[in-house]
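Trainee: I am new to this structure and would like a close look at one part, its nonpolar core. Please start with the term I need for reading how open a residue is, and then go through the core and some other places.

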Amino acid sequence: MISRQSKIIVLGWALVILSTTGTDAQNQKGWRGPTRDGIYQETGLLKTWTADGPELLWAVDDAGKGYSSPVISGGKVFVTGMDEEEKNEIITAYTFDGKKIYQVKYGPAWSKSYPDTRTTPTVDGDNIFVISGTGQIVCLNASDGKIKWSVNGEKQFGVKTNVWGVSESPLVFDNKVIFTPGGEQTTMVALDAQTGKTIWTTRSLNDPCSHVSPLLINHKGIKQIIGFTEAYLYGVHPETGEIAWTFKDWDFIPKRGMDGICINTPLYHNGKLFVSNAYEMRSHMLELNEKATGVTLLWRNDDMSVHTGGMVLVNGIIYGSNWHNNNNGDWVALDWETGKTRYKSAWQGHSKGSVIAADNKVFCYEERRGIVAMLAPNPDKFEIISQFRVNKGDGPHWSHPAIADGILYIRHGNAMMAYKIK
């Protein structure tokens, strides 16, 4: 039998090993919450809001133009944007009462269509990771904003993108930073989180990168990175960079030449991957085989075609919006197991948008007028409990909201706001 002292020694060594082998992706703070699925682990949130909405704690208007989301970590709020000349991307750190701590340039901004910054920072310990619209991968010190290392992804990996540039939020785990340049040289790469040196590169799928931020999953004990190019969904071994499987049989309808505009990070649950994008892709449910070496199409749904707003899974129901055109869309609920449409509802006078969830509530942020609504997670009805309008900032309301410690953070163009919802 193992003595009590031996158990303590073993536990101590286990803690040392855990502290030196890098964190899991679940511990990072970044794109759409800790698990990249739009779910925030909050409790005790307000059940209703007043007619004017929840209390506005503070607001700023100097974050720089961007579509990225704020990230809350280590007593700071981080957000990326563009500088006043709109030539460089910047990251700004604020205190919890909205006071600016620092603002740092980290790379050239995208100069073509929709240049506003898209990368949501990934914070892992005292490191911040961002990827510029031109493919600059950067690590900064969270305390003071000083750049630790920077890698030019275009020069080093031959980034191949379309007219909207790189729109990726970096995935960080096990001392690796994941970036998906696409193109002829490689598809996905892993960089050392401490130095920026290349750990591995995948083979090339000879396809441009999409706008999807990758996802780390654990399928029956097998870790795998899920990535997207314009045509392919694929799985990558996180230790070696080997591409385990690819899928591209989307059966687009109708074919209009826009079938490669993929934006949304897939959802993973119980061995299945849910994929939804606008234009010709619509929604597909895929099932991984036992060893995660291939996928099978289970069902397809044409009612949900998520444009830029993501989707959430709550109590077996997928919530999101669909695309009629770039200005309009309905709100949709699907059954995870069957793909059956539970509702498809117009939000009267409003459009499609982004969606997150917390405390058994669904939060929708409409992109045209900036209405934020709290829904009851009713699988059969688009049921609004409370709503209010964001009246600061300009441009489309494409930034996904974030929640931390009972505060709802909304970013709109140069502006960022903090609302008390607990």
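Mentor: Partly exposed means a relative accessible area that lies between the buried range, under 20%, and the exposed range, over 50%. The model you are looking at is predicted.

Start with Phe96, in the loop between strand E5 (88-94) and strand E6 (100-108). Its relative accessibility is 42%, so Phe96 counts as partly exposed. Setting aside residues up to four places away in sequence, Phe96 touches Trp58, Ile72, Gly75, Lys76, Val77 and Tyr409. One of these contacts, Tyr409, leads to the core.

The largest nonpolar core has 31 residues, and those touching the most other members are Phe363, Val372, Val390, Ile403, Leu408, Tyr409 and Ile410. At least two residues of this core come from each of strands E2 (55-60), E4 (76-82), E29 (353-358), E30 (361-366), E31 (371-375), E33 (402-404), E34 (407-412) and E35 (415-420). E35 gives the largest share, 5 residues. In soluble globular proteins, nonpolar side chains tend to be buried together.

Look next at Ile410, which sits in strand E34. Ile410 counts as buried because its relative accessibility is 0%. Beyond four places in sequence, the residues touched by Ile410 are Tyr365, Val372, Val390, Pro401, Ala415, Met416, Met417 and Tyr419. For a sense of distance, the C-alpha atoms of Ile410 and Asn327 are 20 Å apart, with their positions 83 residues apart in sequence.

Leu408 can be read in the same manner. With neighbours within four places left out, Leu408 is in contact with Val372, Phe388, Pro401, Ala402, Ile403, Met417, Ala418, Tyr419 and Ile421. Val372 is therefore worth finding on screen, because it appears among the contacts of Leu408 and of Ile410, each pair having heavy atoms within 4.5 Å.

Now compare a polar residue, Asn301, in strand E24 (residues 295-301). Asn301 is buried, because its relative accessibility is 5%. The Asn301 side chain makes a polar contact of 2.9 Å with the side chain of Thr341. The Asn301 side chain also reaches the backbone nitrogen of Met304 at 3.2 Å. Apart from neighbours within four places in sequence, Asn301 is in contact with Arg282, Ser283, Leu334, Gly339, Lys340 and Thr341.

Two loop residues have a backbone feature to note. Arg36, in the loop between helix H1 (4-20) and strand E1 (39-40), is not a glycine and has a positive phi, near 60°. Asn175, in the loop between strand E11 (171-173) and strand E12 (176-179), is also not a glycine and has a positive phi of about 60°. Arg36 is buried because its relative accessible area is 4%, whereas Asn175, at 26%, is partly exposed.

Last comes empty space. The largest pocket holds about 530 Å³. Its lining has 19 residues, and those nearest its centre are Arg118, Ser167, Ile263, Thr308 and Trp398. By class, this lining has 9 nonpolar, 9 polar and 1 charged residues.

Technical notes:
Residues numbered from 1 in each chain as written. Predicted model: local features only at pLDDT ≥ 70, side-chain atom pairs only at ≥ 80, totals over all residues. Heavy atoms only, no water. Core = buried A, V, L, I, M, F, W, Y, C linked by side-chain atoms within 4.5 Å. Buried < 20%, exposed > 50% of the residue type's maximum accessible area, 1.4 Å probe, protein only. Helix = DSSP H or I, 4+ residues; strand = E, 2+ residues; numbered from the N terminus. 1 Å grid on protein atoms, 1.4 Å probe; cavity = no way out; pocket = protein on both sides within 12 Å on 5 of 7 lines; lining within 4 Å. Points joined across faces, edges and corners; volume = space filled by probe spheres on them. Nonpolar A, V, L, I, M, F, W, Y, C, P; charged D, E, K, R; others polar. Polar contact = N/O pair within 3.5 Å; in protein donor to acceptor, adjacent residues only side chain to side chain.
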